[in-house]
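Here's a quick briefing on how one protein model packs together. Have a look at the structure first, then read on.

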Amino acid sequence: MNGGEFMVRVRRKEVVAAALPVQEHWLPLSNLDLLLPAVDVSVFFCYKIDIPHGDVDVDDEEEYFRGFGSMVRALKRGMAEALVSYYAFGGEGVDFMEAQADVRLDGLKFYNPDLTIEGELVPKKKNGVLSVQVTELKCGGVVVGSTFDHRIADAYSANLFLVSWAEMAQSKPLSVIPYFRRSLLNPCRPGFYHPSLDDIGGSRGIRRRTKLESLTAFLWKMVAKSVDVMENADKKTCKMGIVVDGRGRLSSGDDDKIALMATYFGNVLSIPFGEKIIGELRYQPLSWVADEVHEYLKAAVTKEHFLGLIDWVEAHRPESTIAKIYGSGSSDGPAFVVSSGQMFPTAKVDFGWGKPAVGSYHFPWGGDAGYVMPSPARDGDWLMYLHLLKGQIKLIEDAASHIFRPLTSEYLKLADFPPLIT
């Protein structure tokens, strides 16, 4: 593989299966799974470690397993053991690749993941529902990347698996046992949903705004401003969607269900979206836009909304019920989705050689709508994954260069490697 920045050589490929025979399961997609398009999502973690590397003879078991090979062996063992509990990711096995890249960790341009991450350090999934690639870097650092089918798991579920995989790699007991019973999300009989779900919209409310709402409002204004060269741009619309996790909402008031939903594996998401005339978004103050974001979001953070959403999907079977925002973004105006990654468990994905120096989701899903995911960094900072048009990103950076800065190896302190492991 060669993305133009550096070369990646795949050294080994194999399929990792569950460590124990797993009873064959028929796991249907829930109604909330059906809201997601057939897209793959990637996630990667970069580790600052110094191990023997270079032109190692992979056929020499003693030499190979002294360094990178011993790490790969722990990852495979942990994967096989984790798949016993997370059988939804197992399927017919997980494609597992070992690779080597002629680049240092501090030489990776995280600012442009389409060049340095996509297809290079995260695998393209060809079979099954999960693929993994472990890449040894020139400096001895390691990147663990994986790609999974979004219809099988949302980020919350994937995070559960990643932490469990790390625990198994260190021979620790699982801290969470995943729960797969789709009966938690069964539709009501008879079903009922509010007509507003036909647009997945909202209504008016109070003025207190969260950090995520404020960020979304700013992005909505910027994306709207980026299209001012379009003919009659002020009469066109710009759509904004926010991903809402429903686990806490669906279990509200039920102590038993709280524990079950906290370990539920699958999609429990709603994507309410708002649509405004571009002229309004451009000329109204940011506080007004933040109010609009809040109003669209308010209707989707209730138990009733998610119960109604399940019934809405049921009522529309067998029609496609993919959330409208994923098919938006066209000549009528731009669209984007914001998904909070505040629960991204970077610090917990320790396979036995320390916490990652950096980790992120990667979601270049190919649709017309953009995608944004903020996740925690350090000192209260957010690491922003933005999959938007180049003109939109430039406008955002120009308008708020004091807030948004390119992610660099200096910020991540990637040049300071620990002593050589012997």
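What follows covers the overall make-up, the nonpolar cores and one helix pair.

This is a predicted model, where local features need pLDDT of at least 70, side-chain atom pairs count only at pLDDT 80 or more, and totals for chains, interfaces and linings use all residues. Residues are numbered from 1 along each chain as its sequence is written, and side-chain values use heavy atoms, with hydrogens and water left out.

**Overall**
- The protein has 13 helices and 13 strands, taken as DSSP runs (helices H or I, at least four residues; strands E, at least two) numbered from the N terminus.
- Of its 422 residues, 53% count as buried (under 20% relative accessible area, 1.4 Å probe, protein chains only).

**Cores**
- The largest nonpolar core (buried Ala, Val, Leu, Ile, Met, Phe, Trp, Tyr and Cys joined through side-chain atoms within 4.5 Å) holds 52 residues, and M79, F89, V134, F161, W165, F351 and Y361 touch the most other members.
- Elements giving two or more residues to this core include helix 2 (68-85), helix 5 (155-169) and strand 12 (370-376).
- Apart from it sits another core of 44 residues, with L212, L219, W312 and L388 among them.

**Helix 6 and helix 12**
- Helix 6 (residues 211-225) packs on helix 12 (residues 390-399) at about 120°, axes 9 Å apart, the axes being lines fitted to C-alpha atoms over the stretch in contact, with angles running from 0 to 180 degrees between N-to-C directions.
- On the helix 6 side, F218, L219, M222, V223 and K225 meet Q392, L395, I396 and A399 of helix 12 (contact means heavy atoms within 4.5 Å).

Terms used. Buried means under 20% relative accessible area, exposed over 50%, partly exposed in between (1.4 Å probe, protein chains only).
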